[in-house]
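Good morning, and thank you for making time for this item on the agenda. I would ask you to look at the sequence and the model together while I speak.

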Amino acid sequence: MTSRPISAREATVTSAFDEVGAHYDRLTGMSPGYADQLLFSARLLVDRLRRRPGPEDAPLRIADLGCGSGASTQALLIALVESGCPFRIEGIDGSAGMLAQARAKRWPESVTFRHAQAEELGVEEHPPGDTSDLAAGAAGDGGGYDGVFAAYLVRNVPDADAFCGHVHRMLRPGGVFVVHDYGVAGRPLDVAAWTALCWGVIIPSSLVVARKPGLFRYLWRSVLDFDSDERLRRRLLDAGFTDVGQRPVPGWQRGMVRATWGRRP
Ligand SMILES: C[S@@+](CC[C@H](N)C(=O)[O-])C[C@H]1O[C@@H](n2cnc3c(N)ncnc32)[C@H](O)[C@@H]1O
C-alpha cells in the first residue's frame, strides 16, 4: 500500500515532522552552512529592528515560528545577544516531536517554547503609531512582537497569504517579519540544481538516517511549487508590509535560499 504524499494544502504537515524530529539535527548537520545561513537571516531581522530597548525597558519580543528543533532559535539567540538589547524569544512549533528536540537543549531563561500551529496564534491589535513599550511588555498569546522569524515555514502553512496577514497582525507597528526559505521558481538552473541536490543527497540521506523519505520528497516538491522571488515579495506587500526586501543567503546553496523581509507600518 502506498501512503498519500504529504501536502501542506490539505492538512498541517506537522505530524510528518513528528516522525523525523529525533533525526532532524543529524540531517541538517549534514548540510554545511545550515546554521550560518540561519544566522545570516537572523542578523538581517535584528539589524532591522527599530526599537532598541535599554536594560530598564521592555525586552524585545521575538517569535520564531516553526522553530523546529531550535536551529533557527539558536541563530536568533546569537543575533540578539550581539545586539546588546534585552530580549525574549518564543519558539513556536506545531510538532511535538520537533519541539521535544528543541526543549532538550540548554537555553537561557529568555528563550521559551510553545506547542501551537503558527496560523492559529491569537493576536492583539495595535493601532498604527502604537509603539508603546507596554504593548510589548504586556503582550499575551500572540500579539505585540517586535520581530517574527519564519525559517522554512511559509512553504508549509496551508494558506500562505492568510499566514502573512496573520503575522502582520502579530507584529507591533514598526515590527519586522523575515522569511528564510528555499526559492528556485523561475530560475531553471537553480531548479535543476535543487532537484539534483534532493535526489542525489537529501532524499537518500533521509532514507539512511531517518528511514522516512516521505517528508523529504515533500521538501523537494514544496520548494519547486513555492513562490518565485517576486511572488514572495508581492505576498508580503499584499499582506500590508512595507520596506519589503530580499537577499540571497550566502553559502554553497546560494541561489537556492533567500531571505525576504518586510515591516508592519
Ligand atoms: C523545516 S522545519 C524548520 C525548523 C527550524 N525553523 C529550522 O530552521 O531548522 C519546519 C518546522 O515548521 C513546523 N511547522 C510546519 N507547519 C507549521 C504550522 N502550520 N505551524 C507551526 N509549525 C509548523 C514543523 O513542525 C517544523 O518543525
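The ligand in this predicted model takes up the space of the largest pocket. I shall describe that pocket first and then turn to the ligand itself.

The largest pocket holds about 750 Å³ of space. Two or more residues of its lining come from each of α1, α2, α3, α7 and α8; of these, α7 spans residues 188-209 and α8 spans 214-225. Which element gives the most to this lining? It is α1, with 5 residues.

In total, 44 residues line the largest pocket. Those nearest its centre are Phe17, Tyr24, Tyr34, Tyr152 and Leu219. When the lining is divided by class, 27 residues are nonpolar, 14 are polar and 3 are charged.

Let me now move to the shell around the ligand. How many residues surround the ligand? There are 24, and the closest are Tyr34, Gly66, Asp93, Ala118 and Glu119. Tyr34 therefore deserves your attention twice, as a residue listed among those nearest the centre of the largest pocket and among those closest to the ligand.

Three helices each supply at least two residues of this shell: α1, at 14-29, α2, at 34-48, and α3, at 71-83. The largest share again belongs to α1, which contributes 3 residues. By class, the shell consists of 14 nonpolar, 8 polar and 2 charged residues.

I come next to individual distances between the ligand and side chains. An N or O atom in the side chain of Asp93 lies 2.6 Å from an oxygen atom of the ligand. For Tyr34, an N or O atom of the side chain is 2.7 Å from a ligand oxygen atom. With Ser72, the ligand atom concerned is a nitrogen, and the distance to an N or O atom of the side chain is 2.8 Å.

How much of the ligand's accessible area does the protein cover? On its own, the ligand has 590 Å² of accessible area, and the protein covers 98% of it.

To close, I would ask you to keep two points in view: the ligand takes the space of the largest pocket, and α1 gives the most to the lining of that pocket. Thank you.

Notes
Residues are numbered from 1 along each chain as its sequence is written. This is a predicted model: local features need pLDDT of at least 70, side-chain atom pairs count only at pLDDT 80 or more; totals for chains, interfaces and linings use all residues. Side-chain values use heavy atoms; hydrogens and water are left out. A residue is near a molecule or strand if one of its heavy atoms lies within 4 Å of it. A polar contact is a pair of N or O atoms within 3.5 Å; within protein, one must be able to donate a hydrogen and the other to accept it, and residues adjacent in sequence count only if both atoms are side-chain atoms. Accessible areas come from the Shrake-Rupley method with a 1.4 Å probe; for residues, only the protein chains shown count as cover. On a 1 Å grid over the protein atoms alone, a cavity is a set of points where a 1.4 Å probe fits but cannot get out, and a pocket is an open set with protein on both sides within 12 Å along at least five of seven lines; lining residues have an atom within 4 Å of a point. A molecule sits in a cavity or pocket if more than half of its atoms lie within 2 Å of its grid points. Helices (H or I, at least four residues) and strands (E, at least two) are DSSP runs, numbered from the N terminus. Ala, Val, Leu, Ile, Met, Phe, Trp, Tyr, Cys and Pro count as nonpolar, Asp, Glu, Lys and Arg as charged, and the others, Gly among them, as polar. Grid points are joined across faces, edges and corners, and a volume is the space filled by probe spheres set on the points.
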